[in-house]
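Hi,

Here is the structure I said I would pass on. Have a look at it first, and then read on for what turned up when I went through it.

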Amino acid sequence: MLQSRFKMPSHDELVKRMDAIPDHVLKECPHCHYKFLSVRAGRNNICPKCGYGFRLMAKRRVKITFDKFTEMDQTVTVPERYTDPKYRAKIAKAKKITGLNESVLTGTAMLGKQQLAVGVMDPFWIMGSLGSATGEKITRLFEMATRKRLPVVMFTASGGARMQEGLNSLMQMAKISNAVAAHSQAGLLYVVVLCDPTTGGVTASFAMQGDIILAEPYALVGFAGRRVIEQTIMQKPPKDFQSAEVVMQHGFIDQIVARAEMKQTLAKILRLHTKENAYDK
Amino acid sequence: MTNKTAYQRVVGARSKDKISTAELIHGLTTDFFECHGDRLEADDHALIGGIGLLNDQPITVVGIQKGNDTDENIDRHFGSPTPQGYRKALRLMKQAEKFGRPILALINTPGAWPDVDSEYHGQGSAVAQCIIQGMQLKVPYISIIVGEGGSGGALALACGDRVFMFEDSIYSILSPEGYASIMWKDSAKVQQAAEELGLTPESLLKDGIINKIIHEYKPGEELSNLRDFLAAEFAELGKLPVDQLIEQRQRRFRNF
C-alpha cells in the first residue's frame, strides 16, 4: 500500500489557514448555507447547490438579461433639498459602489426581436429603497412605455420606502401606481420579477401590480419585516415564511424562475403577448 | 390653532379621548348601514364600512377603527387592518363607484397589521390594489387622517381627491419609535424622531401633501360644521366631469 506523504494538519492549523483565505474567495449561500469557491457562482452569481440568486447590482443584471440596453434619465438623482449629512454620505457611497445616481436603472432594451422598457432596482443603492427620484424614474419609464406602446419588465429589489425622504417617499407609491394604471389601461403588458429582497412600500405598490409576477428562487418577498412582526406583536414567524416559494403557495406569484432561465422565460412571455400569432398568417 | 410640538401631536393623535372613527361616522351620517366582509374569506373589524346619508346625500364610508379597551383592541387589532380589511374597503369603494356615491375614507391606524397571517394573505398586494384601484375611481373621494396615519397602511385609503388632517393627527412613513430605533438604535428618542419626520398637519400642509387642516372635534361635539364642509367639497368635486376628476386626482400625486 502506498504511503501517502500527506499529513493531516492539526485543527488549529486548519483554522489558521481558513482565516488566511480572503473573504471574496469563499461565498456562503444565505439560504442553504452551503460554502463554496466564489468562482463557482458563475456569470449568473447563483448558489451551485440550491440555485439561490445572489443579490445583483442593476448594471450586472441588465448585462446578463437584456440585449442592446439604452439607459434613460441617467442623471436623475436625489433632490438637493435633502441636506442631512449622514444621508448625503450614504448617497455618495451608493453612487460610488453601483455607478448609478439613484436606486433604479431604467431604459429600453431588446429581448429577441422584441423591444421593451426595463426597470431594474439596485439592492446595493441604500437597500434599493424607494426615494422620490426612484419614483420619478419609474414613473417616467411607464409613461414612456405607454407613449411608445412597449411592455415593461421590472426587477424589484428593495427594503421599501426611503425613510430619509419621509412622506415624499410614500407618495411615490401612489405616483408610480398611477403610471402603472395608465400603462395597463392602454392594454400593455407589465411583468414583475421579484428579487431578493422585495419588501415594504415596494411590495405594497408596483411589485404587486404586474399582469404577470415572477420571482427568483428563495427571494425574500413580504410587506412587514420579520423584526417588525417580532417586536410589534411578539410573534415569532417561521423560517422562510416570506420566501418566494411560500408566497407563491399563497397565490401571489405566477412562477419562480431560475436566473439561468430568466432571459428565455421573459422572451417567451413577451412573445405570447404579441398580436402577430399563427392565426394572422 | 394652538402651536404644539411634533411630539405633542403624536400624543394627541394617539390619545384615548380622541373622537373615534365610529363616532365620526355616526355624527356625520344618518341611516348608516354597515356592510361586512371582503366576499373572499373574512370580515376585518379594524375596518368599518357602509353607506349613510350625509346631508341627505348617500355616501360610502370606509374607516379604520381602534378599540376602546383591551378586548376591543384585540378584536380590532389596535386599528391595524389585515389584508381582508383592505379588500373589504376596496370592495365597498368599487360598489360606491357603481352607484355613483362619493367616498369618505377615515384613517386612524398605526399601520397595516404586521403578523404572519397577514403576510400569507398578501398584505402588500391588498394595499397595492387599494392604491392603484382607489385612484381610478370615477366618484369623488375624500380622505381624512383622523388620528394616526401610519405608512402604507394609511396611504391605502389616503389616495383621495382631497386629503385632510385633523389638528391632532400625524401622517408618517413609519412610527417615530420605529424611526428612532433605526436611526439611532434607541427607541427612546421619540421626540427627536417626531421632529425629523415632519409628521404634523402643519408641516404636511406646507409640503402640499395634504389640502387642509380640519378643526379637532371632541367626542360628543356637534359635527354640523364638518358635515356641511364635506357636503360642499363633495358637491364641488361632483361638478367635475369624470375624466377631469380623475386627471386632477392623479396630477396631485404626479407632482411628488
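Confidence first, since this is a predicted model. The mean pLDDT of chain B is 94, and 99% of its residues score at least 70. Within chain B, helix H4 (residues 83-98) has the highest confidence, at a mean of 98, while helix H8 (residues 176-184) has the lowest, at 84. For the model as a whole, ipTM is 0.94 and pTM is 0.93. As a general reminder, predicted coordinates should not be read in detail where pLDDT is low.

Now the build of chain B. You'll find 12 helices and eight strands in chain B. Its radius of gyration is 17 Å, close to the 18 Å that the globule rule gives for 256 residues, so chain B is as compact as a globular protein of that length. The C-alpha trace of chain B spans about 50 × 40 × 40 Å along its principal axes. Of the 256 residues in chain B, 53% are buried. If you take the contacts in chain B between residues at least 6 apart in sequence, 71% of them join residues at least 24 apart.

Helix H2 (residues 21-28) of chain B is worth a click. Thr21(B), Leu24(B), Ile25(B) and Leu28(B) are buried there. These residues cover an arc of only 100° around the axis, which puts them on the same side of H2(B). That fits the general pattern: an α-helix has 3.6 residues a turn, so residues three or four places apart point the same way. What do the buried residues of H2(B) pack against? Their partners in chain B include strand S1 (30-35), strand S2 (47-54), strand S3 (57-64) and helix H11 (224-239).

One oddity in chain B is His77(B), which has a positive phi, near 25°, in a residue other than glycine. His77(B) sits in the loop between helix H3 (70-75) and H4 of chain B. Is His77(B) buried or exposed? It is buried, with 21 other C-beta atoms within 10 Å, and the cut-off for calling a residue buried is 20 or more.

Next, where the two chains meet. Chain B puts 34 residues into the contact and chain A puts in 36. On the side of chain B that touches chain A, the elements giving two or more residues include helix H5 (116-120), helix H6 (123-134), strand S7 (170-172) and helix H12 (242-254) of chain B. H6(B) supplies the largest share of that side, seven residues. H8(B) is also among the elements giving two or more residues, and H8(B) is where confidence is lowest in chain B.

Over to chain A and its sheet. Seven strands of chain A form an open sheet in the order S3-S4-S5-S6-S7-S8-S9, with mixed pairing. Strand S3 (67-71) and strand S9 (255-256) of chain A stand at the edges with a single partner strand each, so one side of each has no neighbour in the sheet. Helix H9 (residues 259-272) of chain A packs on the sheet, and its direction makes about 70° with that of S4(A). The strands that H9(A) touches include S4(A) and strand S5 (114-121) of chain A.

Starting at the S3(A) edge, S3(A) and strand S4 (residues 104-111) of chain A run antiparallel and are joined by three bridges. Glu71(A) has Gly107(A) as its bridge partner in S4(A). Lys68(A), in strand S3 of chain A, has a positive phi of about 50° although it is not a glycine. Lys68(A) is exposed, with 10 other C-beta atoms within 10 Å.

Strand S6 of chain A gives another picture. Seven of the seven residues of S6(A) are buried, so S6(A) is largely enclosed by the rest of the structure. Val152(A), Met154(A), Thr156(A) and Ser158(A) point one way from S6(A), and Val153(A), Phe155(A) and Ala157(A) point the other way. S6(A) pairs with S5(A) in the parallel sense over four bridges, and Phe155(A) is the bridge partner of Val120(A).

Two last spots in chain A. The peptide bond from Asp196(A) to Pro197(A) is cis, with omega near -10°, and Pro197(A) lies in strand S7 of chain A. At the S9(A) edge, Gln255(A) is partly exposed, with 13 other C-beta atoms within 10 Å. The C-alpha atoms of Gln255(A) and Ala215(A) are separated by 6.6 Å, though the two residues are 40 apart along the chain.

Cheers

Note on methods: Residues numbered from 1 in each chain as written. Chains lettered and ligands numbered in written order. Predicted model: local features only at pLDDT ≥ 70, side-chain atom pairs only at ≥ 80, totals over all residues. Pairing = 2+ DSSP bridges. Contact = placed C-beta atoms within 7 Å. Axes fitted to C-alpha atoms, helices over the stretch in contact; angles between N-to-C directions. pLDDT = per-residue confidence, 0-100. Buried ≥ 20, exposed ≤ 12 C-beta atoms within 10 Å, placed from the backbone. Arc of directions from axis to C-beta. Rg over C-alpha atoms; globule rule 2.2 N^0.38 Å.
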